[in-house]
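The following exercises practise reading a protein model step by step. Please examine the sequence and the structure before attempting each task.

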Amino acid sequence: MAAREPVIITDKDQMRTWSRSMRSQGKTIGLVPTMGYLHQGHISLIKEAHKRSQLVVLSIYVNPGQFSPSEDLSTYPSDFNGDIQKIMAVPGGVDVVFRPQNLYDYGNNCRYRDYEEEREARRQKVVSCVEERALGHETWVRVEKLEKGMCGKSRPVFFRGVATIVTKLFNIVEPDVAVFGKKDYQQWRIIRRMVRDLDFSMEVIGSEIVRDTDGLALSSRNVHLSPDDREKITFES
């Protein structure tokens with residue numbers, strides 16, 4: 001069977017229109033949210049989505065809202081062409097790759113000069129890259145208890161950024177099912193609780209961890225690890 005190339009959509013209105021057109025035909029949609037630089041863990045999410053839905057949308061978006069200015073947003077690994085080839089190698093592939101450029105850009109409603117004073121004040125606090133850039137985005141989704149502790153202690157903006165961007169993706173794609181990896185267990189629990197508490201009409205699936213041959217859980221950021229780093233992490237775990 002020839003590899004099937006996915007439709008690539010970058011505009012959120014076009015993405016929503018596609019989803020609504022498919023749903024009007026009685027199709028069910030599965031969403032696999034990612035930040036790209038795909039590995040076998042992501043491939044397992046695509047396969048799980050195929051089990052749960054008739055159509056699959058994979059999003060690729062490195063979300064500035066979950067990074068603080070001191071974190072690795074600018075160095076997060078990226079290989080879009082490689083990602084497409086990996087997707088096409090999966091039986092069934094995906095139907096759409098949703099690759100928006102900036103989900104915090106509101107066009108004429110956002111004037112940078114209006115936020116200069118606010119931007120300077122926020123530099124004195126713990127903020128995300130969205131606030132640091134003074135994009136004018138003000139609304140955040142928080143799962144207040146579950147975001148505390150564990151990863152939330154060292155990354156205070158992370159989980160509100162994740163919950164917010166996932167909410168935006170859910171509102172744009174309007175999936176019946178969304179698949180997340182349990183490697184990010186706290187994140188998965190937060191998304192499940194958010195969906196329950198905000199009455200999203202969809203199901204959140206947790207897919208099991210996929211590990212490398214040395215036992216390290218697959219992650220896009222592993223490309224930055226040295227052999228010594230990998231050995232230390234696998235030994236400590």
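**Exercise 1. Determine what follows helix 8, and describe that residue.**

Solution. Helix 8 is followed by Asp-199, whose phi is positive, near 60°; helices (H or I, at least four residues) and strands (E, at least two) are DSSP runs, numbered from the N terminus. The model is predicted, so local features need pLDDT of at least 70, side-chain atom pairs count only at pLDDT 80 or more, and totals for chains, interfaces and linings use all residues. Residues are numbered from 1 along each chain as its sequence is written, and side-chain values use heavy atoms, with hydrogens and water left out.

Step 1: Asp-199 has this positive phi although it is not a glycine. Step 2: Asp-199 lies in the loop between helix 8 and strand 6. Step 3: Asp-199 counts as exposed because its relative accessibility is 66%; buried means under 20% relative accessible area, exposed over 50%, and partly exposed in between (1.4 Å probe, protein chains only).

A second residue can be treated in the same manner. Glu-174, in the loop between helix 7 and strand 5, is not a glycine either, yet has a positive phi of about 55°.

**Exercise 2. Test whether the span of helix 8 agrees with its number of residues, and state which of its residues are buried.**

Solution. Step 1: the expected span of a helix is 1.5 Å times one less than its number of residues. Step 2: helix 8 (residues 185-197) has 13 residues, so it should span 18 Å. Step 3: the end C-alpha atoms of helix 8 are 18 Å apart, which agrees. Step 4: the buried residues of helix 8 are Gln-186, Gln-187, Trp-188, Ile-190, Ile-191, Met-194 and Val-195. Step 5: their cover includes helix 6 (151-154), helix 7, strand 5 (177-181) and strand 6 (203-207), where contact means heavy atoms within 4.5 Å.

**Exercise 3. Describe how helix 1 and helix 7 are placed relative to each other.**

Solution. Step 1: two packed helices are described by the angle between their axes and the distance between the axes. Step 2: the axes of helix 1 (residues 12-24) and helix 7 (residues 158-173) come within 7 Å and cross at roughly 55°. Axes are lines fitted to C-alpha atoms, for helices over the stretch in contact, and angles run from 0 to 180 degrees between N-to-C directions. Step 3: helix 1 and helix 7 are therefore oblique to each other; angles under 35 degrees count as roughly parallel, over 145 as roughly antiparallel, 65 to 115 as roughly perpendicular and the rest as oblique. Step 4: Lys-12, Met-15, Arg-16 and Ser-19 of helix 1 make the contact with Asn-171, Ile-172 and Val-173 of helix 7.

**Exercise 4. Establish whether Phe-80 and Ser-68 are buried or exposed, and name their contacts.**

Solution. Step 1: Phe-80 belongs to helix 3 and is buried, because its relative accessible area is 14%. Step 2: leaving aside neighbours within four places in sequence, Phe-80 is in contact with Ile-8, Ile-60, Val-97 and Arg-99. The C-alpha atoms of Phe-80 and Arg-99 are separated by 9.5 Å, the two residues being 19 residues apart along the chain. Step 3: Ser-68 is found in the loop between strand 3 (55-60) and helix 3 (80-88). Step 4: with a relative accessible area of 12%, Ser-68 is buried. Step 5: not counting residues up to four places away in sequence, Ser-68 touches Val-127, Ser-128, Cys-129 and Val-157.
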